[in-house]
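Visitor: Could you take me slowly through one part of this model, namely the place where helices of the two chains pack against one another? I would like the packing described together with the residues that make it.

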Amino acid sequence: MKVLLLGGNGMLGPWVVKAMADRHQLRVTDVNEPRKGFKHEFRNLDASNLDAVLRAAEGMDCIVNLSVLRHDRKLAWDVSTRGNYNMMAAAVEHGIRRVVNTGPHFQLSGPQYEDWDFGLNPDMPPQPGTRLYALSKAMGQEICRVFAERHDLYVITLLYYNMKLPGSLAAPLEKQVNYHDDMTPFSLAWTDCGEAVRCAVEVELSKLPSRCETFHTFSDIPHDKFKSDKIQRVLGFRPRYHLEAMWNKGYKTT
Amino acid sequence: MKILVTSAMSAMGRTVAGALKKHDVKLTDLTGGCTGGIVANNLNHDAETDRLVDGVEAIIHTGYEGQEGDASSLLDYYSRRTYNLLLAASNARVDRCIYISTLKLLQDYEENLTVTERWRSHPPSNDPALLACHIGELVCKEFARDRLIKVATLRLGWPIVTGQRSKATATGETAALATDDLATVLNAALGAKIEQWQDVHVQSPAPGQRYLLHAAQKLFSFPVPPPTPPGQPVARKGARR
């Protein structure tokens, strides 16, 4: 399959490239240049540039959106909201029927859910709240939903929260890992993060319950704060790392 | 009451502002071509936007047909700039925002259906003005959900006809809205006790009218119900239908 990766050189991108490199033909785009020795087609592209996204999507079978900009009060909307519009416009323009979108868990489960409830699932109506990152991504997701409602294409959205290195289980920017001290109950090893995208790219569209489906993307963990069964059931995703050293006091770490 | 009206250069903004004669109205629009006492402001995340809302008690944010442009500029206005406006407003403790939307978001429903505020809107993907208006609704809703400001979304009927209700009726359009009726609702929305968040459908009552006005009736007593015929029991306010 010919796959366009938007924002493919950020934190998640390299793991997605690794998961899909041998199975698909990748066109990777980002505002940052890839590392030396990068073996795939690369285009320097800003997702908020409609014409550039339209050109990059030509000839593709699938678009995967990994682009994000969290904190800048203008760029966050440019990338996360308008960037999604550009992606969906490109999908329609080129007859691309599969779009894989990614985002943070709180574009759906904002504080009004997370601070209050358990059993939170990916089919709930979004309540992102007013945090810039959450709301700008949520509006991008809403644009995807509208396009899926109006056009013969599918949007598969993977929501992430906390990512950990498969070896040390360290989270980004974390200097010390506190084993046996619990963790964010929506965590996944980076390797598995990439694998989840591969599953979304490869799932038969006829197996999706609707043209717009959202999935919580995290490992098998016992908290039941969030539900992750849907991604295993529908996309066939099987996480390799279960992060048990974080939440099981009897699990040996050495 | 001190009120800020956005997109004041637009026809919709002028219609809204024209309905607020009893209030102290401050008009604003983006910097391109502002004239005649309209404060130029790009609704960026800056001190200018903070000053714009300082001392304001209510904002009327013109959501539909307030701005013109391509999809990028419209989405930018109704997502980012709306976010900046409402964040500044909530920091300044502005009590409420009246978001001017449109009943066109519900035009996919056939006319025989009893479409109230409890029916989900279906924005099109190929009409940037409607899609952006819808996104603006959702941005406003999250500010209400976080209890930072009260929001009433007024979804206006179309076409908007200048003058009395009879002129709207005379068009034969089943969702027409007379500016006299719009003025009645706007002034009620500014003064009424409202919840944290509400959608309100607004059109002029007419034979075969397309949209039901339950929320407008409950919140703003719009339209004024016809007098009860002699001998009939008077309907109790809030009685179950």
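Guide: What follows is a walk through the helix contacts, with a closer look at one residue and then at two loop sites.

The model is a predicted one, in which local features need pLDDT of at least 70 and side-chain atom pairs count only at pLDDT 80 or more, while totals for chains, interfaces and linings use all residues. Residues are numbered from 1 along each chain as its sequence is written, chains are lettered from A and ligands numbered from 1 in the order in which they are written, and side-chain values use heavy atoms, with hydrogens and water left out.

Helices and strands here are DSSP runs numbered from the N terminus, with H or I over at least four residues for a helix and E over at least two for a strand. Let us begin inside chain B, where helix α3 (residues 71-91) and helix α4 (residues 128-145) bring their axes within 9 Å of each other and cross at roughly 20°. Such axes are lines fitted to C-alpha atoms, for helices over the stretch in contact, and the angles run from 0 to 180 degrees between N-to-C directions. That angle makes α3(B) roughly parallel to α4(B); the term covers angles under 35 degrees, whereas those over 145 count as roughly antiparallel, those from 65 to 115 as roughly perpendicular and the rest as oblique. The crossing of α3(B) and α4(B) is right-handed, meaning that the near helix is turned clockwise from the far one by less than a right angle, anticlockwise being left-handed.

Among the residues through which α3(B) meets α4(B) are L74(B), L75(B), Y78(B), T82(B) and L86(B) on the α3(B) side, with L131(B), A132(B), I135(B), V139(B) and F143(B) among those on the α4(B) side; contact here means heavy atoms within 4.5 Å. By class, this contact of α3(B) with α4(B) has 15 nonpolar residues, four polar ones and no charged ones, where Ala, Val, Leu, Ile, Met, Phe, Trp, Tyr, Cys and Pro count as nonpolar, Asp, Glu, Lys and Arg as charged, and the others, Gly among them, as polar.

Now bring in chain A. Helix α3 of chain A (residues 75-93) packs against α3(B) at an angle of about 140°, with the axes 10 Å apart, and the two helices are therefore oblique to each other. Their crossing is right-handed. From α3(A) come W77(A), D78(A), T81(A), R82(A) and Y85(A), which meet A71(B), S72(B), L75(B), D76(B), S79(B), R80(B) and Y83(B) of α3(B). In this contact of α3(A) with α3(B) there are five nonpolar, three polar and four charged residues.

Another helix of chain A takes part as well, since α5(A) and α4(B) pack at about 140° with their axes 11 Å apart, and are therefore also oblique to each other. The residues in contact are L135(A), M139(A), E142(A), I143(A), R145(A), V146(A) and F147(A) of α5(A), with L131(B), H134(B), I135(B), L138(B), V139(B) and E142(B) of α4(B). They divide into nine nonpolar, one polar and three charged. Helix α5(A) is mostly covered, as 17 of its 19 residues are buried, that is, under 20% relative accessible area, with exposed meaning over 50% and partly exposed in between (1.4 Å probe, protein chains only).

One residue ties these contacts together. L75(B), in helix α3 of chain B, counts as buried because its relative accessibility is 1%. Apart from neighbours within four places in sequence, L75(B) touches R82(A), Y85(A) and I143(A) of chain A, and R80(B), L131(B), A132(B) and I135(B) of chain B.

Finally, two sites in loops that border α4(B). S121(B) lies in the loop between β5 (96-102) and α4 of chain B and is buried, with a relative accessible area of 6%. Its contacts beyond four places in sequence are L105(B), L106(B), H134(B) and R155(B). R147(B), in the loop between α4 and β6 of chain B, has a positive phi of about 60° although it is not a glycine, and with 63% relative accessibility it counts as exposed.
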